[in-house]
Amino acid sequence: MGFMGSMPIAGVIWQHVHYVVGLQQLGHDVFYIEDSARLPYNPETFEVNNEFDYAAKVLDRLAGEFDFKNRWAFCARYLKNNPTAGLPLKKIRRLYRDADAILNICGTQEFNDDLLKSDRIIYVESDPGVEQIKIDQGVKSTIDYLSRHHALFTFGENVGTRKFPVPRHGFKWHATRQPIVTHLWKTNRVPKRAAVFTSIANWSTSGLKDITWRGRRYLWSKSREFLRFAAAPKRAGEKFELATNIQDLCAREKFEGNGWRLVSPLQMSIDYWHYRDYIQQSKGEFTAAKDQYVRLNTGWFSDRSACYLAAGRPVITQETGFTKNYGGEAGLLAFRSLGEIADAVKKINADYPKHSGAARQIAREIFEAEKVLKSLLDRAGI
């Protein structure tokens, strides 16, 4: 269960497709259900309304391309009588009742009486920090919601350990990673001489999940971290490109003055194959992490960065505590300072084939969908 119909942007689509295809590769009978209490977003018209024709069109196209045709549904819980596209409501209810497991991808699924017939709902958290803090603050709605799940998984691999500062309060968190179907990203093309380090990002998402804990404000946004390292291209002697939507003129001038090329993310957000092409045509990725992930030492790692790795594109990314588990050397380099960014660029440029091959190897060993999802289901007791 997820939201790639109601929020059909490329990053979200790929994140969910990897679960569907990965579970299929393990031999499971997979259905994708979007049981939505939220109004869907149409990225072509920038509208949010109660029509779900566009969501249904996207899901039907994805089902044809990724082999889950006649195994998808969009249920509009926000409308009277809960109309559906794809599978009928009667079939959805039967699936909820009989499913061996229901994966709540990104932990965004709203509960309803039909869904709660299942006791096999697995929470998969992509954004660690906020829910753990809400538990520590005694937020009843969060505690009740998480307690209704059969098992809890998080991309924050330090959550529940001594390296993560927020107490568990009896909740058992299992570490997991974004599954990547690596063959979908593999390319034999060598980056062109003009290729640069790139990344794709929403510029400012603060306000959505910002939270105060023990007197400190933690932001759910990459913008502040990117601004901290705006001088990275000038320091590294290398042009970087960022596909994002910076509206503030002063911020744009600061980036462009430091050797950044800013491009619109619009087309690649709508077209998930264009999104993949953009990553495959890059030299590698340079990116920052959200403030929450960094200061809480979550051990989080980006699903987008994992796609760069699978494409054989080296990644330079901000340290969140993930290097205690993988990376930090060839193919995947972490930084905390401008000097470390410059060193990482120098290392990659000195032996690009080595770092490209290492990136692919990390993707296969750490993020391959079959490995990640088998581990998740085994630990959930499915």
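I looked up Phe-68 first and, leaving aside neighbours within four places in sequence, I find this residue in contact (heavy atoms within 4.5 Å) with Met-4, Val-20, Gln-24, Tyr-32, Leu-59, Leu-62 and Ala-63. I note that this is a predicted model, in which local features need pLDDT of at least 70 and side-chain atom pairs count only at pLDDT 80 or more, while totals for chains, interfaces and linings use all residues. Residues are numbered from 1 along each chain as its sequence is written, and side-chain values use heavy atoms, with hydrogens and water left out.

I then turned to the largest nonpolar core (buried Ala, Val, Leu, Ile, Met, Phe, Trp, Tyr and Cys residues joined through side-chain atoms within 4.5 Å; buried means under 20% relative accessible area with a 1.4 Å probe, protein chains only). It has 72 residues, and those with the most contacts inside it include Phe-68, Met-4 and Leu-62. Helix H1, residues 10–25 (helices being DSSP runs of H or I, at least four residues), gives the largest share of this core, nine residues. Apart from it I find another core, of 26 residues, among them Phe-229 and Phe-286.

Next I checked Glu-131, placed in helix H4 (residues 130–136). Glu-131 is buried yet has no salt bridge (a side-chain nitrogen of Lys or Arg within 4 Å of a carboxyl oxygen of Asp or Glu), and the nearest side chain of opposite charge, Lys-134, is 4.3 Å away. Not counting residues up to four places away in sequence, Glu-131 touches Tyr-123, Glu-125, Thr-142 and Leu-146.

Technical notes
Buried < 20%, exposed > 50% of the residue type's maximum accessible area, 1.4 Å probe, protein only. Helix = DSSP H or I, 4+ residues; strand = E, 2+ residues; numbered from the N terminus. Lys, Arg positive; Asp, Glu negative; His and termini not counted.
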